[in-house]
Amino acid sequence: MTDLVSVIPALLTGLVLTVILVVASAIIGSIVGLLLGVAATSPLAVARWISNIYTNVIRGIPPLIILFFMYFALPLVLPALTLSAITTGIIGLSIYAAAYVGEIFRGSILAIPQGQSEAADILAMSYPTKMRHVILPQALKIAMPSAIGFLISLVKASSLASVIGVTELTSEGHIVSTINNEPLTVFLIVAALYFVISYPLALLGRRLERRLA
């Protein structure tokens with residue numbers, strides 16, 4: 001029992017790094033995803049084309065491959081892009097998150113009744129003004145439950161950063177289990193810590209979904 005208590009600080013350190021990974025990539029991915037969602041529904045064909053290409057390509061690539069490519073392959077071609085493991089993890093997960101969040105926003109924007117857009121056009125609103133004041137406020141509410149659901153997936157995907165040397169929760173669990181030779185107990189604690197992060201998010205998503213139903 002004493003040995004297990006002594007490893008808790010190391011696991012909590014990994015948990016903090018996991019939270020940093022998730023929060024940073026969620027913020028960046030949400031911003032880029034919002035731009036992709038708006039571009040996907042834009043009247044400009046080139047904006048729709050760029051958004052669709054990005055979304056379809058990134059969603060077709062496993063996030064692990066994105067991390068491998070950015071950390072191991074890209075620096076061989078462009079040495080100036082050699083980044084730390086944590087920076088690479090945040091950028092890689094942000095790229096992955098943006099594609100899925102972009103699809104969520106695209107669907108939410110398309111879910112707004114056409115009459116809303118037509119009413120804004122009758123009032124002679126410009127496209128940016130219409131999106132800012134009429135479409136996006138409603139789309140954000142619609143997107144919120146799905147976005148929170150994806151955030152839970154992002155929490156789990158953050159464990160992939162361990163393969164490029166980020167000592168987040170999964171990596172710390174592996175290190176600790178190797179030292180004390182109790183992998184079953186250690187990874188049960190790791191799973192419990194992931195649950196502590198994910199379950200409140202799941203409850204929040206369900207609550208928002210009920211309120212918006």
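Helix axes whose N-to-C directions differ by over 145 degrees count here as roughly antiparallel. That cut-off is a handy key to the helix packing in this structure, which is a predicted model.

The overall architecture is quickly told. The protein holds eight helices and zero strands, and its pattern along the sequence reads α-α-α-α-α-α-α-α. The C-alpha trace extends over about 70 × 45 × 20 Å along the principal axes.

A good place to start is the pair formed by H5, residues 114-122, and H6, residues 127-157. Their axes cross at roughly 165° and come within 10 Å. With the cut-off at 145 degrees, H5 and H6 are therefore roughly antiparallel to each other. The crossing of these two helices is right-handed. On the H5 side the contact is made by Gln116, Ser117, Ala120 and Asp121, and on the H6 side by Lys130, Val134, Ile135 and Gln138. The make-up of this contact of H5 with H6 is mixed, with three nonpolar, three polar and two charged residues.

H6 also packs against H4, and here the picture changes. The axes of H4 and H6 cross at roughly 140° and come within 8 Å; H4 and H6 are therefore oblique to each other. As H4 passes H6, the crossing is right-handed. From H4, the residues Leu93, Tyr96, Ala97, Tyr100, Val101, Ile104, Phe105, Ser108 and Ile109 take part. Their partners in H6 are Met131, Ile135, Leu136, Ala139, Leu140, Ile142, Ala143, Ser146, Ala147, Phe150, Leu154 and Ala157. By class, the contact of H4 with H6 comprises 19 nonpolar and two polar residues, and no charged ones.

H4, which covers residues 85-110, packs in addition with H3, residues 63-77. The angle between H3 and H4 is about 135°, and their axes lie 9 Å apart, which makes H3 oblique to H4. This crossing, too, is right-handed. H3 contributes Pro63, Ile66, Leu67, Met70 and Tyr71 to the contact, while H4 contributes Ala85, Thr88, Gly89, Ile91, Gly92, Leu93, Ile95 and Tyr96. Ten nonpolar and three polar residues make up the contact of H3 with H4, and no charged residue is found there. Two residues of H4 link the pairs: Leu93 and Tyr96 appear in the contact with H3 and again in the contact with H6.

The helices discussed above also frame open space. The largest pocket has a volume of about 250 Å³. Its lining consists of Thr41, Pro43, Ile109, Leu110, Ile112, Pro113, Gln114, Ser117, Tyr127, Lys130, Met131 and Ile135. H4, H5 and H6 each supply at least two residues of this lining, and H6 gives the largest share, four residues. By class, the lining of the largest pocket has eight nonpolar, three polar and one charged residues.

Several lining residues are already familiar from the helix contacts. Ser117, Lys130 and Ile135 line the largest pocket and also take part in the contact of H5 with H6. Similarly, Ile109, Met131 and Ile135 belong to the lining and to the contact of H4 with H6. Ile135 of H6 is thus met in the contact with H5, in the contact with H4 and in the pocket lining.

Notes:
Residues numbered from 1 in each chain as written. Predicted model: local features only at pLDDT ≥ 70, side-chain atom pairs only at ≥ 80, totals over all residues. Heavy atoms only, no water. Axes fitted to C-alpha atoms, helices over the stretch in contact; angles between N-to-C directions. Parallel < 35°, antiparallel > 145°, perpendicular 65-115°, else oblique. Left-handed = near helix turned anticlockwise from the far one by under 90°. Contact = heavy atoms within 4.5 Å. Nonpolar A, V, L, I, M, F, W, Y, C, P; charged D, E, K, R; others polar. 1 Å grid on protein atoms, 1.4 Å probe; cavity = no way out; pocket = protein on both sides within 12 Å on 5 of 7 lines; lining within 4 Å. Points joined across faces, edges and corners; volume = space filled by probe spheres on them.
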